[in-house]
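Student: I am new to this structure and should be grateful for a close look at a single part of it. Please take the salt bridges as the subject and explain where the paired residues sit.

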Amino acid sequence: MTLDALKIPDTPVCAAALEVAVAYCSPALLNHSVRAYVWAAAYGEAQGIAFDPELLYVGSMFHDIALMPEFDSHTVGFDDASGHVAWVFGAGAGWPVTRRQRLVEVVISHMLDSVDVTADPEGHLLERSTSMDISGRHMDDFSDPFKAEVLGRYPRLGIAQEFLGCFRDQAARKPDSSPAASLRDNIAERILTNELDRIG
C-alpha cells in the first residue's frame with residue numbers, strides 16, 4: 001500500500017473536523033491526529049475490516065483535543081473530555097444522537113488496552129493506531145517504506161516529548177485519570193523509545 005492509495009474521506013463533516021483540529025491542536029498533535037487516521041484506515045483496509053471512514057476520521061481528529069488548554073477539564077480525564085467535545089461537534093454537524101454516542105465511544109476507546117473489533121471496529125482501529133504512534137506498539141502492522149512515507153508527509157515534530165509532558169501534567173492534576181494509570185504502567189519509557197522517532 002502507498003499513502004496516495006489511501007482514501008481520506010472528503011465529507012463536509014470531515015472537513016469541519018480538520019478545521020477544528022488545525023485551529024486548536026499544536027502542529028505535533030495535529031500531525032499525530034492525521035497519522036492516527038492514516039494508520040487506522042490503512043490497517044483496516046489491509047485486514048479487510050469494515051469501518052465507517054467518516055466516523056473514524058472525526059474520532060481521529062478529536063481523540064486528543066482535550067489535551068489542549070482550551071478544552072482541558074479539571075474534573076475528568078482528557079479522553080472523557082475529548083469525548084464531550086466530539087459529542088458537541090457532532091451535534092453541530094447535525095448527527096443524530098446515536099451517531100454522536102458512537103463517536104464518543106470511538107474517542108474514549110483509544111485509551112483502552114484493547115477493543116473488540118466486532119463490537120467497535122472504529123474504536124479498535126483507533127486504539128491500535130494511536131498505540132503505535134505514541135507508544136510504539138504494533139510496529140509490524142506496516143512495512144518500513146510505508147511508515148517512512150507517512151512520516152515524511154506528516155512528520156512527528158517532537159510529539160513524544162510534547163505528549164509525555166501533557167500526560168505528566170494530566171496525571172499530576174488528575175491522579176485517577178488514564179494518563180496517570182499509563183504513567184504508572186511505564187508508558188514514558190515506551191513513548192521515549194518509540195521506533196517511529198528513528199524514522200522521522
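Tutor: In this predicted model, Arg156 has a relative accessible area of 2% and is therefore buried, since buried means under 20%. The side chain of Arg156 meets that of Asp197 in a salt bridge, at 2.6 Å from N to O. Arg156 belongs to the loop between α7 (144–153) and α8 (159–173), whereas Asp197 belongs to the segment after α10 (187–192), so this pair ties together parts that lie 41 residues apart in sequence. Asp197, with a relative accessible area of 32%, is partly exposed. The pair also belongs to a network: salt bridges with shared partners join Arg35, Asp133, Arg156 and Asp197.

As general background, side chains of opposite charge can pair when their charged atoms come close. The structure holds 16 salt bridges, and two further examples involve helix α5, which spans residues 97–109.

One of them is formed by Glu122 and Arg102, whose closest N and O atoms are 2.6 Å apart. Glu122 is placed in helix α6 (residues 121–135) and Arg102 in helix α5, so the salt bridge ties together parts separated by 20 residues in sequence. Glu122 counts as buried because its relative accessibility is 6%. Arg102, in turn, counts as partly exposed because its relative accessibility is 22%.

The other example joins the side chains of Glu54 and Arg99, with 2.9 Å from N to O. This salt bridge links distant parts of the chain, for Glu54 is in helix α3 (residues 53–62) and Arg99 is in helix α5, 45 residues apart. Glu54 has a relative accessibility of 16% and therefore counts as buried.

Helix α5 also includes Val97, a residue that takes part in a surface feature of another kind. Together with Trp87 and Val88, Val97 forms a nonpolar patch on the surface. The accessible area of these three residues together is about 260 Å². Val97 itself counts as partly exposed because its relative accessibility is 39%.

To return to the starting point, Arg156 is buried, while its salt-bridge partner Asp197 is partly exposed. In the pair of Glu122 and Arg102, the buried residue is Glu122, and Arg102 is partly exposed.

Definitions and conventions
Residues numbered from 1 in each chain as written. Predicted model: local features only at pLDDT ≥ 70, side-chain atom pairs only at ≥ 80, totals over all residues. Heavy atoms only, no water. Patch = residues over 30% accessible without salt bridge, like charges linked within 9 Å, V, L, I, M, F, W, Y side chains within 5 Å. Areas by Shrake-Rupley, 256 points an atom, 1.4 Å probe, with all protein chains shown as cover. Salt bridge = Lys/Arg side-chain N within 4 Å of Asp/Glu carboxyl O. Helix = DSSP H or I, 4+ residues; strand = E, 2+ residues; numbered from the N terminus. Buried < 20%, exposed > 50% of the residue type's maximum accessible area, 1.4 Å probe, protein only.
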